[in-house]
Amino acid sequence: MAYSDKVIEHYENPHNVGTLDKEDPNVGTGLVGAPACGDVMRLQLKISDDGMIQDAKFKTFGCGSAIASSSLVTEWVKGKSIEDAVTITNKDIAQELSLPPVKIHCSVLAEDAIKAAIKDFQEKRARRQSGDASAVKQPTTQP
Amino acid sequence: MTHFDVFGLTPALELDVKALEQQLRALSLEFHPDRFAQADARTRLAALEKTTALNDAFKVLRDPVKRAFYVLKLKGVDLDSEASAAQVKMPLSFLEEVMERRERLEGLKHARDVEQARAMADEIEREKSAALERAKVALERDDVPEATHQLGRVRYLSRFIEEVEALEEEALS
């Protein structure tokens, strides 16, 4: 099966490979895996306090399509707000890379990784805020 | 018709592979297309389909790992299909461990330290065997979530071992 030019481009010259400090309160880490093939993908986002994605790094052990999908999303999410980033779907990724049906799961993995990274950041932020008593918002009482 | 049905067996995790091979030979002779050369088209097609089904079933049933994945599939979880496997979520701690090991292996690849990579693969091979045994126990008990979890582990651990084998091949050439 032939890879599309865009997949090859990202595979041969992946963008933003690397790691960010996962202990950094502004870094969200998304780690996802594909049990059908046993591959793993890690996406890390550095997010400002006002929810803008300032940096993105990935590390993927998998096929060319998985690497290309993760490389592409690091490019796409940089400069976006987390609200915009979560709207990226696997369809957008698969279409951009012209992934064949058997490789659609690679784009699903990349979408899941974005969501997992943002969720991790949000949970960290919530923990930070609940640790800081003055910042705790009182839950609204049910009518 | 399941792969077990093809051989007239009830689904089982333990199989006598030698006996299965003998059965394959006997049945293959019985349904060999050459024996039906003079028969009508429908009979010939049926013989051909039976032969294909026998070979496909044997490939799965002879291998203890593939057999366990197949028994799980018969219980409704197909870890070989992307769509259904995507629903299976492994614990984060396990994925972290996989990631960390793959990174270590990557370092060993760069350093061309095949010996150390083999040592890692041997350790992982033991974990894989243990996970397969646990999966079999779970399948016997009809504990599908536990069997899915353990076979998920088997899948990731197998992938690691394949990587080491590829590295060894490369070192030889």
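**Notebook: helix α4 of chain A and the largest pocket**

I began on the outside of α4(A), where Lys91(A) and Gln95(A) are exposed. I keep in mind that this is a predicted model.

Next I turned to the other side of the helix. Which residues of α4(A) are buried? In this helix, which spans residues 90–97, I found Asn90(A), Ile93(A), Ala94(A) and Leu97(A) buried, meaning under 20% relative accessible area. Looking down the axis of α4(A), I saw that the buried residues fall within an arc of 95°, so they line one face of the helix. My textbook reminder fits here: an α-helix has 3.6 residues a turn, so residues three or four places apart point the same way.

What covers these buried residues of α4(A)? I noted that the cover includes three helices of chain A, namely α1 (5–12), α2 (64–77) and α5 (104–131). Just past the end of α4(A), I noticed that Ser98(A) has a positive phi of about 50°.

Then I went looking for empty space. The largest pocket has a volume of about 810 Å³. I counted 34 residues in its lining, and those nearest the centre are Gly30(A), Leu31(A), Val32(A), Ala116(A) and Leu92(B). Two or more lining residues come from each of β1 (27–34) and α5 of chain A, and from each of α5 (82–85) and α6 (92–110) of chain B.

Which element gives the most to this lining? It is α5(A), with ten residues. Helix α5 of chain A was also on my list of what covers α4(A).

Last, I sorted the pocket's lining by type: 16 residues are nonpolar, four are polar and 14 are charged.

How values were computed: Residues numbered from 1 in each chain as written. Chains lettered and ligands numbered in written order. Predicted model: local features only at pLDDT ≥ 70, side-chain atom pairs only at ≥ 80, totals over all residues. Heavy atoms only, no water. Buried < 20%, exposed > 50% of the residue type's maximum accessible area, 1.4 Å probe, protein only. Helix = DSSP H or I, 4+ residues; strand = E, 2+ residues; numbered from the N terminus. Arc of directions from axis to C-beta. Contact = heavy atoms within 4.5 Å. 1 Å grid on protein atoms, 1.4 Å probe; cavity = no way out; pocket = protein on both sides within 12 Å on 5 of 7 lines; lining within 4 Å. Points joined across faces, edges and corners; volume = space filled by probe spheres on them. Nonpolar A, V, L, I, M, F, W, Y, C, P; charged D, E, K, R; others polar.
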